[in-house]
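The following exercises concern a single protein chain. Each task is followed by a solution that proceeds step by step.

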Amino acid sequence: MKPFRPAKRRHLPTSPFAPPPAAPPAKEFDPDDQVTHDKYGLGRVLEVEPGRAVLVDFGTRKVRILAPYAKLFKL
């Protein structure tokens, strides 16, 4: 059974409170981009599934990293 999560509330234009911050833009990677990962270290992007995942070669292993690529950064 899934844990209960309350639904996100929408911002009303008449609300006296500031609207929630916008989501950060999605990261984009291209094949042959050099990247770094907090756990795996330096690597090179092999394949890109736009908006879904990237396959990265870290030298000792190849890892498929799913979006939103929280610990993956382009160099």
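**Exercise 1. Determine how S3 and S4 are paired and how the chain passes between them.**

Solution. The model is a predicted one. Step one: S3 and S4 run antiparallel and are joined by five bridges. Step two: within this pair, Asp57 stands opposite Lys62 in S4. Step three: the two strands form a hairpin with four residues between them. In the turn of that hairpin, Gly59 has a positive phi of about 90°.

**Exercise 2. Establish the secondary structure of the protein and its order along the sequence.**

Solution. Step one: the protein has five strands and zero helices. Step two: reading along the sequence gives the pattern β-β-β-β-β.

**Exercise 3. Describe how S2 is paired with S1 and with S3.**

Solution. Step one: S1, which covers residues 34-37, pairs with S2 over four bridges in the antiparallel sense. Val35 is found opposite Gly43 in S2. Step two: three residues form the link in the hairpin that joins S1 to S2. Step three: S2 and S3 (residues 53-57) also run antiparallel, and five bridges join them. Here Val48 faces Val54 in S3 as its opposite residue. Step four: the hairpin of S2 and S3 has three residues between the strands, and Gly51 in this hairpin takes a positive phi near 75°.

**Exercise 4. Characterise the surroundings of Gly41: where does Gly41 lie, and which residues does Gly41 touch?**

Solution. Step one: Gly41 belongs to S2, a strand that spans residues 41-49. Step two: the relative accessibility of Gly41 is 24%, so Gly41 counts as partly exposed. Step three: leaving aside residues up to four places away in sequence, Gly41 touches Val35, Thr36 and Phe58. Step four: Ala22, 19 residues from Gly41 in sequence, is 30 Å away in space, C-alpha to C-alpha.

**Exercise 5. Sort the residues of S4 by the face on which they lie.**

Solution. Step one: in a regular strand, side chains alternate between the two faces of the sheet. Step two: in S4, Val63 and Ile65 make up the covered face. Step three: the uncovered face of S4 consists of Lys62, Arg64 and Leu66.

**Exercise 6. Examine the backbone of Asp32, Pro68 and Tyr69.**

Solution. Step one: most residues other than glycine have a negative phi, and most peptide bonds are trans. Step two: Asp32 is not a glycine, yet has a positive phi of about 75°. Asp32 lies in the segment before S1. With a relative accessibility of 53%, Asp32 counts as exposed. Step three: Tyr69, also not a glycine, has a positive phi of about 55°. Tyr69 is located in the loop between S4 and S5. Tyr69 has a relative accessible area of 5% and is therefore buried, the cut-off for buried being under 20%. Step four: the peptide bond from Ala67 to Pro68 is cis, with omega near 20°. Pro68 is placed in the loop between S4 (62-66) and S5 (72-74).

**Exercise 7. Locate Lys39 and decide whether Lys39 is buried or exposed.**

Solution. Step one: Lys39 sits in the loop between S1 and S2. Step two: the relative accessible area of Lys39 is 63%, and Lys39 is therefore exposed. Step three: Lys39 and Lys71 are 32 residues apart along the chain, while their C-alpha atoms are separated by 7.8 Å.

**Exercise 8. Assess the overall dimensions, burial and charges of the protein.**

Solution. Step one: the radius of gyration is 18 Å, whereas a compact globule of 75 residues would have one near 11 Å. Step two: along the principal axes, the C-alpha atoms fill a box of roughly 55 × 35 × 20 Å. Step three: of the 75 residues, 19% are buried. The accessible surface amounts to about 6,700 Å², and carbon and sulfur atoms hold 57% of that surface. Step four: among contacts with a separation of 6 or more, 28% come from residues 24 or more positions apart. Step five: the protein has 14 positive and 8 negative charges, and the mean positions of the two groups are 14 Å apart.

Conventions
Residues numbered from 1 in each chain as written. Predicted model: local features only at pLDDT ≥ 70, side-chain atom pairs only at ≥ 80, totals over all residues. Heavy atoms only, no water. Buried < 20%, exposed > 50% of the residue type's maximum accessible area, 1.4 Å probe, protein only. Contact = heavy atoms within 4.5 Å. Rg over C-alpha atoms; globule rule 2.2 N^0.38 Å. Areas by Shrake-Rupley, 256 points an atom, 1.4 Å probe, with all protein chains shown as cover. Lys, Arg positive; Asp, Glu negative; His and termini not counted. Charge placed at Lys NZ, Arg CZ, Asp CG, Glu CD. Pairing = 2+ DSSP bridges.
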